[in-house]
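Reader: Before we discuss individual assignments, could you put the model in front of me?

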Amino acid sequence: MSERSIGLLGERKKARLEELARASADKGGVSLVRDAARRLRRNPVAIVGAIIVGLFVLVAAFAPLIAPHDPVQRFDELTRNLTVDNIPGASSEFPLGSDPLGRDFLSRLIYGSRQTLFVGVLATLIGLAFGVVFGALAGAFGGWIDVILMRLTDVMLALPSLLLAITLVAMASKSSQWTVIFAVAIVNVPIFARLLRGSMLAQRESDHVLAARALGVKERNIVLRHMLPNSLTAVIVQATLTFAVAILDAAALSFLGLGDPDINRAEWGLMLGVDGQRYFEVRPELAYYPALAIIVVALGFTLLGEAMREAIDPKNRR
Amino acid sequence: MLRVIVRRLLQLVVTLIALSALIFIWLRNLPGGPVDALLGERATPETRALLTKALGYDQPILVQYGKFMQRILTGDFGNSIRTGDPVTEVIGRAFPATVELALAAMIIAVGLGVPLGYLAARWRGRFLDNLTIAGTLLGISIPIFFLGYLLKDVFTQNIHWFPPSGRVSTGIDNTNVTGFFVLDGLLTREFDAAADALWHLLLPAITLATIPLAVIVRITRASVLDVLNEDYVRTAEAKGLRHRTIRGRHILRNALLPVVTAIGLQTGALLSGAVLTEKVYNWGGLGTLITDSISGSRDYPVLQALILLAALVFVVVNLLVDLSYAFIDPRVRVR
């Protein structure tokens, strides 16, 4: 796990994770987390991924400073010649030209990083939260709780992911950004739950849990302090990869007309899925730029996630 | 082995029953209730009461559920709200189109993916390997509907290599036998029709194949790399076995297990991609049907049947994947 990705979790979590890792590592050895972080820093793939993710977050954070114009304002210079067949292209004041409503396309792209980050992070976090609770309960208690929760994940996994998301959106009476976020989040719940349950079950059989039990540590503490923290790494890696999937799924929902209906909101998935598709023949740039943004960011998270997965793989430990 | 099959089948049935119960609850809790969903908001109280009685919504919930299950099991999903045709007919018309598209996509993905993954592993770190890995990363990061538009733009607008959309050209007389247009053309010896259908099929199939292709390449590569380092491969080499024998019997066969899993999972997941691909190419299969049943007013009878069908196909494919292990790996058979 990289220093950067832990940094995203906040300082307190970071300190806690490291403390836990230290506690569980063999005395005199190198902690799993630190060992993985060292390997990660040497991996160029991880660095490229981290740079992309870092830039993306920076652009999102400082969007008002970077963007030349207000993303929702319709400019007279742009609307004057605007028709369905003619969307003004680049000019010195509007470097990427206009969007279909006469707004500055570049500013919308820059502000779009915010909404994309928001949707991606929230969908991932909500999915992660439910998945961790489900997986931890199933893995910690076993028995009928495990059976019920796992059958429930079976039902959710019985549909291909996008189809499940479509079904969930269709269940809501009307779509908003929240239906998209929740649909994408729920799709990922069974994946996180399964992953965590699997590694918790493996932890249950491990020596350090046995030792803790022999020492008379309370069951609750065994689960919370010994099993859970040691099982979380795989889940965190998965969360990094999930972010990429989340923004792609959100874009797909927009493309199918099930996305956020707010026309003021600038989000890459919406820009690509709605305007990009509708005006592809007139001005393909309306699709190219948001698509490029999505691809690069998805790639960044995938690279970082893959590198993290490789780094925590015990096979690569030296 | 038999016990495993029986247990898995039971699990499958339980999963599907649970899903049908969830769908039942969902349909019962639609905004305004199922009757409003069928009639629209402007129906008079009288027609509403009439339909409520006719559909049995005035009866106890368990009785309703029993009837719901009975109808599903006998294949009666009611009529489509949009067209008024029986749901089974609507789905029956669209089904072959999607199966044809999915099959073509899987042939491309497996036919290209396994050899590419194998070659990338053999020449690990070389140019081909790096190129392949970069390609797969791009493949999973690109929104496939965008790729679809891109391919369509390049190959149908700029260079006219492929037809832009649909399954056949107008003017081609295609006798319908199975609903699989390429197969139909071959069966009836209308080879021009078969060629035309294949022509229409290629671009959508390539679009749909990108994600499974990327996944299969990556898994094949990783799996072959694992096996290459095994002791028995070195032993086989030391014994002086022919490279072809080692490659076939020792490496590929052992590396195949995770690849088969991936192929199965990707086949099941193809419907996700099909929804997007079919919309881009106006394909008229299940994916188009899903989109049409959701946009605007929702066609619940069709949706409900589609969801159950998708789940059935998905879990059965996954079951077949698990069972296929026994044929590839004798160790599974013993357990």
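Reader: How do you know what the chain does over residues 131-151 of chain B, in terms of helix and strand?

Author: This is a predicted model, in which local features need pLDDT of at least 70 and side-chain atom pairs count only at pLDDT 80 or more, while totals for chains, interfaces and linings use all residues. Residues are numbered from 1 along each chain as its sequence is written, and chains are lettered from A and ligands numbered from 1 in the order in which they are written. Helices are DSSP runs of H or I with at least four residues, strands are runs of E with at least two, and both are numbered from the N terminus; residues 131-151 of chain B come out as 90% helix and 0% strand, with end C-alpha atoms 20 Å apart.

Reader: What makes the span of helix 4 of chain B agree with expectation?

Author: The expected span is 1.5 Å times one less than the number of residues, so the 13 residues of helix 4 (residues 61-73) of chain B should span 18 Å, and the end C-alpha atoms are indeed 18 Å apart.

Reader: Why is helix 4 of chain B called hardly covered?

Author: A residue is buried if 20 or more other C-beta atoms, placed from the backbone, lie within 10 Å of its own (exposed if 12 or fewer, partly exposed in between); among the 13 residues of helix 4 of chain B, the count that are buried is zero.

Reader: Which elements of chain B have the lowest and the highest mean pLDDT?

Author: On pLDDT, the predictor's confidence in each residue from 0 to 100, helix 14 (residues 330-334) of chain B has the lowest mean, 61, and helix 5 (residues 87-122) of chain B the highest, 91. The mean for chain B is 82, with 90% of its residues at 70 or more.
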